[in-house]
Amino acid sequence: MTLSRSTLADWVGRIGVALEPLWLRLAELLRQGPVLHADETPVQQLDPGKGKTKRAYLWAYRSNVLGSEPSIVVFDYQPGRGGKYVVEFLAGWQGALMVDEFAGYQVLFRGEVIELACMTHARRKFFDLHQANGSPVAAEALRRIGELYAIEATAKGETVEERARRRKETSQPLLEALHLWLLNTRRTVADGGALARAIDYSLRRWPALARYATNGFHPIDNNPVENAIRPIAIGKKDWLFAGSEAAGRRAAMIQSLLETARANGIEPMAWLIDTLEKLPSWPNSRIDELLPLKKPA
């Protein structure tokens with residue numbers, strides 16, 4: 001039996017509606033964390049009556065992999081990329097937020113939110129430059145940043161206190177030396193070139209880039225949330241566009257729960273089937289038991 005696309009889409013939409021209370025609770029739990037990752041990716045949305053699509057955005061938020069809070073991924077579908085959407089989602093939240101340089105996040109940092117910058121973004125600019133022309137200056141920047149990541153790899157699995165000590169003793173001196181090297185090197189580089197832009201990016205973002213090393217629980221980069229977005233980026237090549245804003249929101253809710261399941265080592269489809277069977281008669285007071293999170297030992 002072949003099912004029509006409209007029937008399949010209707011079923012998925014109904015699943016999204018059924019799972020909305022779980023998504024709302026997941027977002028609420030996410031905002032209880034003191035450190036979050038955030039990123040956004042464009043998606044296409046059908047523009048009725050015009051025979052084409054328009055751009056919408058899927059905002060992604062992830063809990064801190066270095067913290068003790070549960071692993072949570074939440075996608076928030078919105079019609080645009082304006083900073084008002086992240087402000088609305090994080091309304092009232094206070095903590096440290098790891099983001100890229102997109103200006104939409106900057107309004108948050110005028111209040112009670114602390115900015116963390118992604119070291120991978122800074123590294124990527126030097127990596128691309130080195131790949132393009134073998135720049136020895138870019139190679140030196142990569143070497144220095146590589147030392148910082150080597151320390152993080154060594155500290156993997158350590159307690160927050162142990163990681164804080166290691167960062168204070170080893171990472172902070174290396175960061176200070178890197179900053180001084182960037183400042184001195186910039187004086188010898190002409191304005192306007194790719195190398196100048198790469199150095200300027202790091203210098204402009206320096207306080208937020210180096211902030212992770214002041215304790216043991218701030219992340220060094222935004223890779224965890226970028227990894228969470230990757231299935232969406234790959235999937236866009238197949239599903240192409242959302243049929244409407246409502247459809248996009250429902251899809252974001254479903255993806256949030258499935259990606260959170262993966263982050264917690266739970267098989268997504270098995271969790272989804274089990275949850276949909278339980279939902280009709282499940283009391284709202286016990287909704288946390290249905291969330292795809294690791295159960296306390």
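Begin by selecting Met119, Ala122, Phe126, Ala141, Ile145, Leu178, Leu182, Ser202, Trp206 and Leu209, which together line the largest cavity of this predicted model. With those side chains shown, the elements to colour are helix 3 (119-133), helix 4, helix 5 and helix 7 (206-210), each of which gives two or more residues to the lining of this cavity, and helix 3 supplies the largest share, three residues. The volume of the largest cavity is about 50 Å³, and the structure holds one cavity of 30 Å³ or more. Sorted by class, the lining comprises nine nonpolar residues and one polar residue, with no charged residues.

Next, turn to the second largest pocket, for which Val65, Leu66, Glu152, Ile220 and Asp221 are a useful selection, since of the 13 lining residues these lie nearest its centre. Helix 4 (136-154), helix 5 (160-186) and helix 8 (223-239) each contribute at least two residues to the lining of this pocket, whose volume is about 330 Å³. The lining of the second largest pocket divides into seven nonpolar, one polar and five charged residues, whereas the lining of the largest cavity has no charged residues.

From there, select Leu22, Leu90, Leu97 and Tyr105, the residues with the most contacts inside the largest nonpolar core, which has 37 residues. To see where this core draws its residues from, display helix 1 (5-30), strand 1 (35-47), strand 2 (52-63), helix 2 (83-89), strand 4 (95-99), helix 9 (245-263) and helix 10 (268-278), each of which gives two or more; helix 1 gives the most, with seven residues. Centre the view on leucine 90 and, leaving aside residues up to four places away in sequence, its contacts are Arg31, Leu36, Tyr61, Leu97 and Leu108. Apart from the largest core lies another, of 27 residues, and Leu129, Ala141, Val189 and Ala213 are among its members.

The last stop is strand 4, and it is worth asking how many of its five residues are buried. Five of the five are buried, that is, under 20% relative accessible area, so strand 4 is largely enclosed by the rest of the structure. Strand 4 pairs with strand 1 in the parallel sense over three bridges, and with strand 5 (residues 113-117), also in the parallel sense, over five bridges. Methionine 98 is a good residue on which to follow both pairings: it is the bridge partner in strand 4 of histidine 37, while its own bridge partner in strand 5 is leucine 116.

Definitions and conventions:
Residues are numbered from 1 along each chain as its sequence is written. This is a predicted model: local features need pLDDT of at least 70, side-chain atom pairs count only at pLDDT 80 or more; totals for chains, interfaces and linings use all residues. Side-chain values use heavy atoms; hydrogens and water are left out. A nonpolar core is a set of buried Ala, Val, Leu, Ile, Met, Phe, Trp, Tyr and Cys residues joined through side-chain atoms within 4.5 Å. Buried means under 20% relative accessible area, exposed over 50%, partly exposed in between (1.4 Å probe, protein chains only). Helices (H or I, at least four residues) and strands (E, at least two) are DSSP runs, numbered from the N terminus. Contact means heavy atoms within 4.5 Å. Two strands pair if DSSP finds at least two bridges between them. On a 1 Å grid over the protein atoms alone, a cavity is a set of points where a 1.4 Å probe fits but cannot get out, and a pocket is an open set with protein on both sides within 12 Å along at least five of seven lines; lining residues have an atom within 4 Å of a point. Grid points are joined across faces, edges and corners, and a volume is the space filled by probe spheres set on the points. Ala, Val, Leu, Ile, Met, Phe, Trp, Tyr, Cys and Pro count as nonpolar, Asp, Glu, Lys and Arg as charged, and the others, Gly among them, as polar.
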